[in-house]
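Trainee: Please bring up the model. I would like to go through its pockets and salt bridges.

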Amino acid sequence: MSEGRPLVLDVDGTFLRTDMLYECFWGGLGRDPIQTIRTAAAHFNDRSVLKRRMAEIATLRTDLLPVNEDVRQLALQAQAEGREVVLASASDSALVQAVAREFGLSPRVFASEPGHNLKGAAKADALVEAYGEGGFDYAGNETVDKAIWDRAHGAVIVGDHPEIAAELEAKGKPVTVIEDGWTARGLLKALRPHQWVKNILLMVPMIASHYFDWSTLFTVLMGMVAFSFAASSIYIVNDLLDLEADRLHATKHKRPFASGRVPISVGMATWAVLTVLAVGIGLAISPGFLGVVVLYMLLSLSYSLKLKRLRWVDIATLAGLYTLRVVAGALAVDVYVSGYLLVFIFPTFVTLGCVKRLTEVTLATNDERLPGRGYGRPDRGDLLNVAWLGTFGSLLTFFLYSFTEQAHELYPTRWLLWVAMVPLFLWLWRMVRLGYQGKQDYDPIVFAVRDKHGLGLIFIMLAVMFYAAGLWQVWFG
């Protein structure tokens, strides 16, 4: 295929396992969301200008962008044969030049400029003008690249396009196919279904009020589905906003969008579908429940855009999001929730939020602040102190609740509630200690579900509370 001909590589989806326009859009949202949205709206119909303006807002780090290693090896082989390896892309010229410099490719690039979007036939014309008809080999990944393959000598097809490959071979062109694409498994990982376990908090009002009929359970389960879809939609947004920070992280660089295993465009489409489903189910349950779902999503979005970068505000926001789940559970089945329950939930999750940050800073390799966060290793002491304050607050609230009228009605054997405080304290103490030692998962809720010793303490606490309520006698006679 060579004979000294230059090898021309498309960038988005071919040399890179991402699209730089989408990268700039999400990078811009993270830095200046208002200006980014205004720019997108103003220049949506003029892609060449849009690409330049987005690149200026985002200040994209091209050195962190995921590369298709098979295409890169093809480029290295071509360079070893003395061939020129050139980038030709519809992305903005400034970004394409930066990628060429970063990976040691030819300084000559073909790319879009304001007023001229270099895509499809326009790119084919530019390459033929530079190298002549059939004077180059071209690697691309989209059907629109067929206009270029038709005028190239040889074709490198990235992805699954068997019909195009067969047509080019029928014309006598040498064709090389590089398998690529995303999988449903990769997308599922981006949804983080293991995090859906957090939505079991919607059952707390039902359990606390001793409502155990099938109709109530079904409604709560539907509420959990709505919150799961809502949470996954926000996880996608969070990952897209955190692309740069994730690529700098020791383990998060393997996430589907950061690594390029799932295209950003697929993530955006999935976000839209999940949002519609969450809102639809929420409306079917009740207007009040829908209001909490929408509030949860807006607060989560604010957390992803800004709040997670603010010291202590991020932990308070996380605790608030968990508390909203309890409120949603009460609205779903229309039961009364004691203020003590909400006050108990909030400091408990302040403690777990501190545990999450403690784990991250303990496992950090230096004293600098974590990428995209407001904490570093020097903050371990402060995080530990706030974790203990949260523990004290949750235990104090639990104790005060035992003297309320509701507690007298629901728990005839009130002193057993005080006994239940012992495994609760031991569980919180265990979570804080392991977080401080860096022996946890980066998400304390996920760790708690897998921690056999911790689960044992939780089951002991629940068993004591059920016995105090006399539920064993009701259920087992």
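Mentor: The largest pocket has a volume of about 1100 Å³. This is a predicted model; local features need pLDDT of at least 70, side-chain atom pairs count only at pLDDT 80 or more, and totals for chains, interfaces and linings use all residues. Residues are numbered from 1 along each chain as its sequence is written, and side-chain values use heavy atoms, with hydrogens and water left out.

Trainee: Which element gives the most to the lining of the largest pocket?
Mentor: A pocket is an open set of points on a 1 Å grid over the protein atoms alone, where a 1.4 Å probe fits, with protein on both sides within 12 Å along at least five of seven lines; lining residues have an atom within 4 Å of a point. A volume is the space filled by probe spheres set on the points, joined across faces, edges and corners. Here 39 residues line the pocket, with Leu201, Val204, Ile458, Met461 and Leu462 nearest its centre. Eight lining residues come from the top contributor, H22.

Trainee: How many residues of that lining are charged?
Mentor: Ala, Val, Leu, Ile, Met, Phe, Trp, Tyr, Cys and Pro count as nonpolar, Asp, Glu, Lys and Arg as charged, and the others, Gly among them, as polar. The lining holds 33 nonpolar and five polar residues. The charged count is one.

Trainee: How many charged residues does the lining of the second largest pocket have?
Mentor: The second largest pocket has a volume of about 960 Å³. Closest to its centre, of 39 lining residues, are Arg192, Gln195, Arg255, Lys356 and Asp443. Its lining has 18 nonpolar and seven polar residues. The charged residues number 14.

Trainee: Which side chain meets Arg192 in a salt bridge?
Mentor: A salt bridge puts a side-chain nitrogen of Lys or Arg within 4 Å of a carboxyl oxygen of Asp or Glu. Arg192 is buried (under 20% relative accessible area, 1.4 Å probe, protein chains only), at 10%. Its partner is also buried, at 2%. At 2.2 Å, N to O, that partner is Asp239.

Trainee: How far apart in sequence are the parts that Asp379 and Arg311 tie together?
Mentor: Their side chains meet in a salt bridge at 2.9 Å, N to O. Asp379 lies in the loop between H17 and H18, and Arg311 in the loop between H15 and H16, so the pair ties together parts that are apart in sequence by 68 residues.

Technical notes:
Helix = DSSP H or I, 4+ residues; strand = E, 2+ residues; numbered from the N terminus. Buried < 20%, exposed > 50% of the residue type's maximum accessible area, 1.4 Å probe, protein only.
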